[in-house]
Amino acid sequence: MRSVFIKIRVLLHCCCAPCSAPILEWLLANGYKPVLFYYNPNIFPSEEYEIRKNELSKYASKLGVEVINGDYDHKTWLQCVTGHETDKERGARCQLCFDMRLKRTAEIAAEMGINLIATTLASSRWKSLEQIEKAGMKAVEPYNGMEFWAKNWRKDGLQERRRILLAENGFYNQLYCGCEFSIK
């Protein structure tokens, strides 16, 4: 009898190629079928957004992984974080940003019939894992049976693998999270 290996589908919210590459590699090697969702209306300026989107799309194509491009609606993102422009990193502005992006990720997952979502934001040492988990759990609440995978993508050698894949692929490596309030 032939065994059948069923891959688990996951909608992975992605912020950029450097953060996504080791996670994608891990998912593909561990029985997952990732679909990438590039939704980052926080990124500024629009040229930065396009560079990151194109890098991710190029890498995903190389791996044969589907990418869904979300709308770049920076104006709506600015409205979402109004009043929090001077917040420090890991403050209320970041929570609002994560909430917005992961809510949309859950909506897309529901439309596609995918019951598991995750985010590459959880790989960044600059981001609060607690804030990301809170946003993810809130995002899946309206969807019966959907789960947010609160995996710490910084562990198990993935940070080192990120560094290696960054060098091997010559990825553009940004020096700020993406929003104009973090450019400093």
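D156 is exposed in this predicted model, with a relative accessible area of 63%, which is over the 50% cut-off and therefore earns that label. If you look for D156 in the structure, you will find it in the loop between β5, residues 147–148, and helix α6. What draws my attention to D156 is its backbone, because phi there is positive, at about 60°, although D156 is not a glycine.

R90 can be put beside it, since phi of R90 is near 75°, again a positive value in a residue other than glycine. R90 sits in the loop between α3, which covers 74–80, and α4, and at 42% relative accessibility R90 counts as partly exposed. One further backbone feature belongs here, namely the peptide bond from F44 to P45, which is cis, with omega near -5°. P45 itself has its place in the loop between β2, residues 32–38, and α2, residues 46–63.

Let me move on to helix α6, residues 158–169, and to two arginines in it. R162 lies in that helix, and R162 is buried and yet has no salt bridge. How far away is the nearest side chain of opposite charge? That side chain belongs to E160, and it is 10 Å away from R162. Leaving aside neighbours within four places in sequence, the residues in contact with R162 are P18, C19, P22 and N173.

R161 is also placed in helix α6, but R161 counts as partly exposed, at 25% relative accessibility. With the neighbours within four places in sequence again set aside, R161 is in contact with P22, E25 and E168, and you may recall that P22 is also on the contact list of R162. For a sense of distance across the model, the C-alpha atoms of R161 and P41, which are 120 residues apart along the chain, are separated by 27 Å.

Now to the salt bridges, of which a search of the whole structure finds ten. I will go through three of them and then mention a network.

In the first example, the side chains of E48 and R52 meet at 2.8 Å, N to O. These two residues are four apart in helix α2, so they are separated by about one helical turn, and both E48 and R52 are buried.

In the next example, which joins K138 and D99, the N to O distance is 3.5 Å. This pair links distant parts of the chain, with K138 in helix α5 and D99 in helix α4, 39 residues apart. Are these partners buried or exposed, judged by relative accessibility? K138 counts as partly exposed at 49%, whereas D99, at 17%, counts as buried because its value is under the 20% cut-off.

The third example is within helix α4, where the side chains of E107 and R104 form a salt bridge at 2.9 Å, N to O. E107 and R104 are three residues apart in helix α4, and therefore about one helical turn separates them. Both ends are partly exposed, E107 with a relative accessible area of 23% and R104 with 28%. As for the network, salt bridges that share partners join E89, R93 and K127 into one.

Let me turn to M146, which lies in the loop between α5, residues 129–140, and β5. M146 is buried, with a relative accessible area of 9%. Beyond its neighbours within four places in sequence, M146 is in contact with A106, A109, A110, I114, N115, I117 and V140. The C-alpha atoms of M146 and G113 are separated by 9.4 Å, although these residues are 33 apart along the chain.

Finally, there is the largest pocket, which holds about 610 Å³ of space. Which residues lie closest to its centre? Of the 27 residues that line this pocket, the closest to the centre are S124, W126, Q174, Y176 and C177. Helices α4, residues 92–112, and α6 each supply at least two residues of the lining, and α4 gives the most, with five. By class, the lining of this pocket is made up of 13 nonpolar, seven polar and seven charged residues.

Definitions and conventions. Residues numbered from 1 in each chain as written. Predicted model: local features only at pLDDT ≥ 70, side-chain atom pairs only at ≥ 80, totals over all residues. Heavy atoms only, no water. Buried < 20%, exposed > 50% of the residue type's maximum accessible area, 1.4 Å probe, protein only. Lys, Arg positive; Asp, Glu negative; His and termini not counted. Salt bridge = Lys/Arg side-chain N within 4 Å of Asp/Glu carboxyl O. Contact = heavy atoms within 4.5 Å. 1 Å grid on protein atoms, 1.4 Å probe; cavity = no way out; pocket = protein on both sides within 12 Å on 5 of 7 lines; lining within 4 Å. Points joined across faces, edges and corners; volume = space filled by probe spheres on them. Nonpolar A, V, L, I, M, F, W, Y, C, P; charged D, E, K, R; others polar.
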